[in-house]
Amino acid sequence: MIRTFILSLFATCFGAFNLHAETITYRIVEYNADAGDFVLAAHGMRPVGAYAMFENEFGATRGNRYNQIPRNKQATLWLEGWEGCTINSVTLAMCSNNSSGTAGLVVSAGDDELFSMRALPFDDPEWFGHWLSKDLQTYAEITKTMTSRAVVGDAGEVAITLKAGTPEGSVYLDAVTIDYTPAAAVGTESPLGWVFEKMEAKGTLADGDVIMLYRSGDAAGDIDGMEKNRYLDAIGLSSTSNVVEPFVEFFTLGATADGHWTLTDQYGRKLGATAAQSLAWDAGVDTWGITLGYSGATIASTHSKYGTLRYNAPAESYARFWNYTSTSLPLPYIYKRTRQL
């Protein structure tokens with residue numbers, strides 16, 4: 001999966017810590033056609049830094065065919081950042097057609113299979129025991145306890161896959177709840193989104209503020225790895241008032257004694273510049289001057305020849321945030337994190 005190198009930054013602990021179990025529920029809310037992915041609503045507590053993605057082979061369905069998984073298709077909830085956690089059970093909120101629908105379930109953590117059940121009719125005792133029509137818009141919560149080694153390894157990836165069988169008929173998935181024991185060295189946090197507010201020309205920044213760079217519907221991220229490309233990727237972000245996007249870079253500001261700033265991301269890496277159009281993590285000049293303005297924020301390297309962070313969306317290539325000496329490209333805006341929903 002994308003960005004697995006980040007997951008190794010979290011400590012894994014298999015020691016004899018007696019942590020209490022936590023639960024987190026991911027409900028599949030809708031399909032965002034603009035972003036090309038499913039929107040999840042979460043509640044409970046997640047491992048620190050973890051995130052989830054949902055895939056449905058059948059695509060985006062709405063109305064009373066909401067999240068349909070027809071025969072010979074499958075849907076998977078992917079969990080990332082779960083290394084060292086122990087998965088205790090998985091609860092699926094599901095329903096069927098009026099009198100048909102089959103499904104099997106596989107829960108895996110990397111190469112370890114934690115649970116496996118062959119495809120069975122929804123009215124089988126292994127599932128709900130009788131049919132539950134999608135037309136009622138009611139979902140049964142069915143819990144499956146893990147049957148084998150349930151500790152997630154260093155990769156931190158968990159796949160919860162609902163596989164429809166070959167007979168005619170579909171099942172429909174509304175939500176997945178995971179009961180787990182967190183890794184002692186990682187801890188837990190709320191999965192709710194954060195509100196980020198645009199910093200205007202008269203705004204103020206302070207040591208410890210958490211910010212993101214945003215312009216024209218894009219936030220700065222690092223999907224492809226700055227070690228190779230030397231720039232920050234542009235991540236489509238439809239809302240700044242409920243930010244849960246895992247690939248956005250969130251920078252904590254550090255005030256220096258001479259009035260400049262350091263920008264440290266959520267993985268502990270400082271943003272630096274080694275030349276114009278050459279950004280780097282933990283290398284080069286890592287101090288910046290920041291001036292807020294009406295047309296954006298001027299975030300300039302303290303090395304006079306290394307340029308200013310700007311937003312570039314050329315028609316012939318990918319949009320990016322990069323340090324340019326040119327002044328023709330638009331400046332990014334700084335959005336400051338204010339509160340969690």
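**How the labels are earned**

Biologist: Why does Arg230 count as partly exposed?

Modeller: Its relative accessibility is 34%. Buried means under 20% relative accessible area, exposed means over 50%, and partly exposed covers what lies in between, with a 1.4 Å probe and protein chains only. The value of 34% lies in between, so Arg230 is partly exposed. Before we go on: this is a predicted model, where local features need pLDDT of at least 70 and side-chain atom pairs need pLDDT 80 or more, while totals for chains, interfaces and linings use all residues. Residues are numbered from 1 along each chain as its sequence is written, and side-chain values use heavy atoms, leaving out hydrogens and water.

Biologist: Where is Arg230, and what is its phi?

Modeller: Arg230 sits in the loop between helix H2 (226-229) and strand E17 (232-236). Helices (H or I, at least four residues) and strands (E, at least two) are DSSP runs, numbered from the N terminus. Arg230 is not a glycine, yet its phi is positive, at about 70°. Most residues other than glycine have a negative phi.

Biologist: Which other residue has a positive phi, near 55°, and why is Ser216 called exposed?

Modeller: The positive phi near 55° belongs to Ser216, which is not a glycine either. Ser216 lies in the loop between E15 and strand E16 (218-221). With a relative accessible area of 58%, it passes the limit for exposed, so the label fits.

Biologist: What makes Arg269 count as buried?

Modeller: Arg269 has 9% relative accessibility, below the limit for buried, so it earns that word. You will find it in the loop between strand E19 (261-265) and strand E20 (271-275).

Biologist: How do you know that Arg269 and Glu249 make a polar contact?

Modeller: Their side chains are joined at 3.2 Å. A polar contact is a pair of N or O atoms within 3.5 Å; within protein, one must be able to donate a hydrogen and the other to accept it, and residues adjacent in sequence count only if both atoms are side-chain atoms. The distance of 3.2 Å is within that cut-off, so the label holds.

Biologist: Why is the pair of Phe38 and Phe54 called edge-to-face?

Modeller: The structure holds ten aromatic pairs. In the pair of Phe38 and Phe54, the centres are 5.1 Å apart and the planes make 85°. Rings of Phe, Tyr and Trp (its six-membered ring) pair if their centres lie within 6.5 Å; planes under 30 degrees apart count as stacked, over 60 as edge-to-face and the rest as tilted. Both values meet the rule, so the pair is edge-to-face. Phe38 is in strand E2 (residues 37-44) and Phe54 in strand E4, so this pair ties together parts 16 residues apart in sequence. Both Phe38 and Phe54 are buried.

Biologist: What makes Tyr214 and Tyr335 an edge-to-face pair?

Modeller: Their centres are 5.1 Å apart and their planes make 70°, which gives the edge-to-face label. This pair links distant parts of the chain: Tyr214 is in strand E15 (residues 210-215) and Tyr335 in strand E26 (residues 333-340), 121 residues apart. Tyr214, at 12% relative accessibility, counts as buried, and so does Tyr335, at 11%.

Biologist: How do you know that the charged end of Lys198 sits over the ring of Tyr333?

Modeller: It is 4.0 Å from the ring centre. A charge sits over a ring if NZ of Lys or CZ of Arg is within 6 Å of the ring centre and within 35 degrees of the ring normal. Lys144 also lies over a ring face, that of Trp127, at 5.3 Å from the centre.

Biologist: Why is strand E24 described as largely enclosed?

Modeller: Five of the five residues of E24 (residues 308-312) are buried, so the rest of the structure largely encloses it. Thr308, Arg310 and Asn312 point one way, while Leu309 and Tyr311 point the other. In a regular strand the side chains alternate between the two faces of the sheet.

Biologist: What makes E24 and strand E25 a pair?

Modeller: Two strands pair if DSSP finds at least two bridges between them. E24 and E25 (residues 320-324) have five bridges and run in the antiparallel sense, so they qualify. Across that pairing, Tyr311 stands opposite Phe321.
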